[in-house]
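Me: I am new to this structure and would like to know how its descriptive terms are applied. Please take them one at a time.

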Amino acid sequence: MQSDNLEYILDHYKNPRNFGTIEDADFSYEEGIPSCGDVIRLDLKIRNNKLDDIKFSGTGCAISQASVSILTENVTGKEVEEIVSYTDKDMLEALGGQVSPIRFKCALLGLTVLKKALTGKSSNQ
Amino acid sequence: MEKLIQRAGSIDPNLLKKDFPVFERKVHGKPLIYLDNAATTQKPQSVIDCIDNYYRNHNSNIHRGVHTLSYESTVMYEDAHKKVADFIGADKWNEIIFTRNATESLNLLAYGWGLHRLEEGDEVLITIMEHHSNIVPWQMLRDLKGIKINVLGVDDRGDLKLDELPDLLTERTKLVSIIHASNVLGTVNPVKEITRQAKEVGALVLIDAAQSIPHLPIDVSEIGCDFLVASGHKMLGPTGIGFIYGRESLLEDMEPFMYGGDMIEKVTFEKSTWNELPWKFEAGTPNIAGGIGLGAAVDYLDGIGLQNILDHEEDLLSYALEKMSAYDWIKIYGHKSTTESVGVISFNVEGVHPHDVAGMLDEEGIAVRSGHHCAQPLMSELSMDYTARISFYLYNNKEEIDLCVETLKKVKKIFG
Ligand SMILES: Cc1ncc(COP(=O)(O)O)c(C=O)c1O
């Protein structure tokens with residue numbers, strides 16, 4: 001974490017957006033990083049092939065929690081196909097500054113969970 | 001050698017730092033402060049030179065040929081076994097088997113001894129403090145052979161519950177396999193007393209010395225253990241080399257772990273017989289450079305003196321504990337009893353994930369570990385989950401601890 005985006009990341013870490021769960025979610029998925037204990041769960045609601053609502057829960061370091069918070073803001077209302085094509089690079093850029101490669105795993109956990117949730121969703125239908 | 005002997009007495013970490021080239025580099029523009037010694041240690045120039053010299057001047061395969069280079073490397077490699085034997089007070093150098101690391105050592109014993117000598121219903125006693133490498137191989141035998149694993153617990157201070165030991169030692173206990181110093185709490189366990197009690201029921205004793213041998217004087221004949229394992233990389237040596245000490249008669253009686261070249265005496269298609277110790281257990285071309293490098297590491301440690309290292313670390317440890325306990329938002333695990341400790345402190349900054357602690361420290365050039373430290377049963381027993389961990393060695397000094405604590409204050413302010 002560098003000073004250029006520290007404020008931004010801390011803001012999302014301390015005031016996470018879309019934190020919580022969705023009771024009647026269309027799909028939920030949870031995954032963690034065993035070596036550091038970070039866990040993220042996502043609950044999704046899809047309407048007309050668009051992401052209507054998304055909530056995350058879990059625990060972890062500032063980078064993983066802030067990244068998923070930022071991610072939920074960026075994908076709400078988007079078409080499923082568009083979200084699936086969201087790349088790791090897009091995610092890292094969304095953090096508004098440099099993240100050390102050591103922490104890429106933390107920063108990308110939320111996106112991994114989201115994609116697995118969405119692919120699980122389409123294969124379920 | 002002369003230079004090293006002069007230093008014996010007390011340790012000047014700032015002088016010793018000059019022996020370790022890595023401290024010439026900067027991390028994020030700051031001098032490197034290396035506090036992750038329980039994971040692996042830095043290498044002195046003498047170890048690096050030794051490996052360099054081996055490859056430049058002596059490189060060849062051992063035990064295979066009469067040419068000069070092969071003879072030289074054979075002698076160098078055997079000498080490294082002798083150095084390790086002397087270092088831990090083994091009677092004979094052929095009681096030292098080189099492996100890749102402590103993990104491979106433990107597996108070699110599980111396969112070479114356990115697989116052939118344990119029967120269904122036999123018991124192996126370990127402790128809840130074990131590193132995963134001293135848990136999982138015995139689980140393999142439990143599933144394969146139907147042995148039982150008994151576990152000696154810890155109290156809430158992080159000390160082994162020795163009063164429960166007699167009940168856990170039964171006539172079916174064939175092996176007591178215990179961690180000497182905890183890589184999470186730093187606790188040094190009373191292995192001599194545990195060995196004494198284990199012997200009363202006729203069990204063999206295996207000591208995981210991965211975290212103790214780099215930090216305190218060890219004598220296997222004084223402990224009375226049958227096996228002892230360690231990793232070279234945690235004691236200034238190269239990666240990819242570790243060892244087993246085993247009582248000669250037991251090693252003679254054991255089956256090989258790996259089969260192939262170098263470990264045989266004679267091979268026909270009907271039958272093969274095994275080479276003498278320690279080669280019976282070192283199948284294939286071994287890590288010759290690594291073994292010789294480990295010998296150089298042992299020379300370096302001998303020159304400093306393990307008692308001096310222990311004294312220095314105790315000094316650093318009590319300094320760090322005092323500094324850190326001044327802040328109620330730093331939670332320190334263990335270190336509540338008066339038992340001996342090596343220089344390991346696991347801790348958390350209240351409200352901050354250990355990853356973020358380690359990440360912030362890294363920005364200041366300070367290397368610490370964060371995670372579960374490959375000891376999940378202990379971590380969950382003590383409700384530790386994930387922690388940050390600092391661990392000292394001979395080249396650390398008090399200014400580094402000061403800087404670390406100053407940075408922790410910053411961490412608390414930013415994240416807490
Ligand atoms: C107590 C203990 N035993 C065994 C090991 C395993 O060592 P290695 O990974 O070198 O095999 C470690 C390493 O952290 C350890 O701390």
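Reply: A crossing is left-handed if the near helix is turned anticlockwise from the far one by less than a right angle, and right-handed if clockwise. By that rule the crossing of H3(B) and H11(B) is right-handed. The model is predicted: local features need pLDDT of at least 70, and side-chain atom pairs count only at pLDDT 80 or more. Residues are numbered from 1 along each chain as its sequence is written.

Me: Why are H13(B) and H15(B) called oblique to each other?

Reply: Their axes cross at roughly 125°. Angles under 35 degrees count as roughly parallel, over 145 as roughly antiparallel, 65 to 115 as roughly perpendicular and the rest as oblique. H13(B) and H15(B) are therefore oblique. H13 spans residues 354-363 and H15 residues 398-415 of chain B, and the axes come within 10 Å.

Me: What makes B:Asp356 and B:Met360 part of the contact with H15(B)?

Reply: Contact means heavy atoms within 4.5 Å. B:Asp356, B:Val357, B:Met360 and B:Leu361 meet residues of H15(B), including B:Cys404 and B:Phe415. The residues of this contact divide into eight nonpolar, one polar and one charged.

Me: What makes the pair between B:Thr103 and the ligand a polar contact?

Reply: For a polar contact, a pair of N or O atoms must lie within 3.5 Å. A polar side-chain atom of B:Thr103 is 2.5 Å from an oxygen atom of the ligand, so the pair qualifies. B:Gln211 has a polar side-chain atom 2.7 Å from a ligand oxygen atom, and for B:Lys234 the distance is 2.7 Å.

Definitions and conventions
Chains lettered and ligands numbered in written order. Heavy atoms only, no water. Axes fitted to C-alpha atoms, helices over the stretch in contact; angles between N-to-C directions. Helix = DSSP H or I, 4+ residues; strand = E, 2+ residues; numbered from the N terminus. Nonpolar A, V, L, I, M, F, W, Y, C, P; charged D, E, K, R; others polar. Polar contact = N/O pair within 3.5 Å; in protein donor to acceptor, adjacent residues only side chain to side chain.
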